[in-house]
Amino acid sequence: MNKAQEIELVKRYSPYICFDENEPFFPVKVGYTIFNKPGVSKSFNRKIEFTDDLVDLAIEYAIYWDFDIQHLYELEHVWEIG
């Protein structure tokens, strides 16, 4: 898969994040990793495993907030399968 195809895939499966109108903090960066086979996340203590033969890949989105009410930063993850 070339970089243009990778970006198109990441865009197609990217999650929608909805915020309350009073939300004081918003994400500042989003990273991703595409898993074409089982592997270990680079940013979360989790092993990505494929347990269904219909799954060809998994995309891990790492969403970074600079500040939160009780934290210096927040790093949340979302996984999509395809």
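**Note on a predicted single-chain model**

1. Among contacts in the chain between residues at least 6 apart in sequence, 50% join residues at least 24 apart. The model is a predicted one, and the remarks that follow should be read with that in mind.

2. As for overall composition, the chain has one helix and five strands, and from the N terminus on these elements follow the order α-β-β-β-β-β. The C-alpha trace spans about 40 × 25 × 20 Å along its principal axes. Of the 82 residues, 24% count as buried, while the accessible surface comes to about 6,500 Å², with 52% of that area belonging to carbon and sulfur atoms.

3. On charge, the chain carries 8 positive and 15 negative side chains, and the centres of these two sets lie 11 Å apart.

4. The sheet deserves a description of its own: three strands form an open sheet in the order 1-4-5, with antiparallel pairing. Its edge strands are strand 1 (27–35) and strand 5 (74–81), each of which pairs on one side only. From one strand to the next the twist averages 20°.

5. Which strands pair with strand 4 in the antiparallel sense? Strand 4, made up of residues 58–65, pairs with strand 5 over eight bridges, and strand 1 and strand 4 likewise pair over eight bridges. Glutamate 60 offers a convenient point of reference within this arrangement, since its bridge partner in strand 5 is tryptophan 79, and threonine 33 stands opposite glutamate 60 in strand 4.

6. Why can strand 4 be described as largely enclosed by the rest of the structure? Seven of the eight residues of strand 4 are buried, so the strand is largely enclosed by its surroundings in the structure. Helix 1, which covers residues 3–13, lies across strand 1, strand 4 and strand 5, and runs at about 115° to strand 1.

7. Outside the three-stranded sheet, the loop between strand 1 and strand 2 (39–40) contains proline 38. Proline 38 counts as partly exposed because its relative accessibility is 46%. If residues up to four places away in sequence are not counted, proline 38 touches Ile48, Glu49 and Phe50. With respect to the N-terminal residue, proline 38 and methionine 1 are 37 residues apart in sequence, and their C-alpha atoms are 17 Å apart in space.

8. Is threonine 51 buried or exposed? At 78% relative accessibility, threonine 51 counts as exposed, and its place is in the loop between strand 3 (47–48) and strand 4. Threonine 51 and proline 38 are 13 residues apart along the chain, and a distance of 9.5 Å separates their C-alpha atoms.

9. To bring the main points together, the sheet order 1-4-5 goes with a strand 4 that pairs with strand 5 and with strand 1, and seven of the eight residues of strand 4 are buried. Helix 1 lies across these three strands, whereas threonine 51, in the loop between strand 3 and strand 4, counts as exposed.

Conventions
Residues numbered from 1 in each chain as written. Predicted model: local features only at pLDDT ≥ 70, side-chain atom pairs only at ≥ 80, totals over all residues. Heavy atoms only, no water. Helix = DSSP H or I, 4+ residues; strand = E, 2+ residues; numbered from the N terminus. Buried < 20%, exposed > 50% of the residue type's maximum accessible area, 1.4 Å probe, protein only. Contact = heavy atoms within 4.5 Å. Areas by Shrake-Rupley, 256 points an atom, 1.4 Å probe, with all protein chains shown as cover. Lys, Arg positive; Asp, Glu negative; His and termini not counted. Charge placed at Lys NZ, Arg CZ, Asp CG, Glu CD. Pairing = 2+ DSSP bridges. Axes fitted to C-alpha atoms, helices over the stretch in contact; angles between N-to-C directions.
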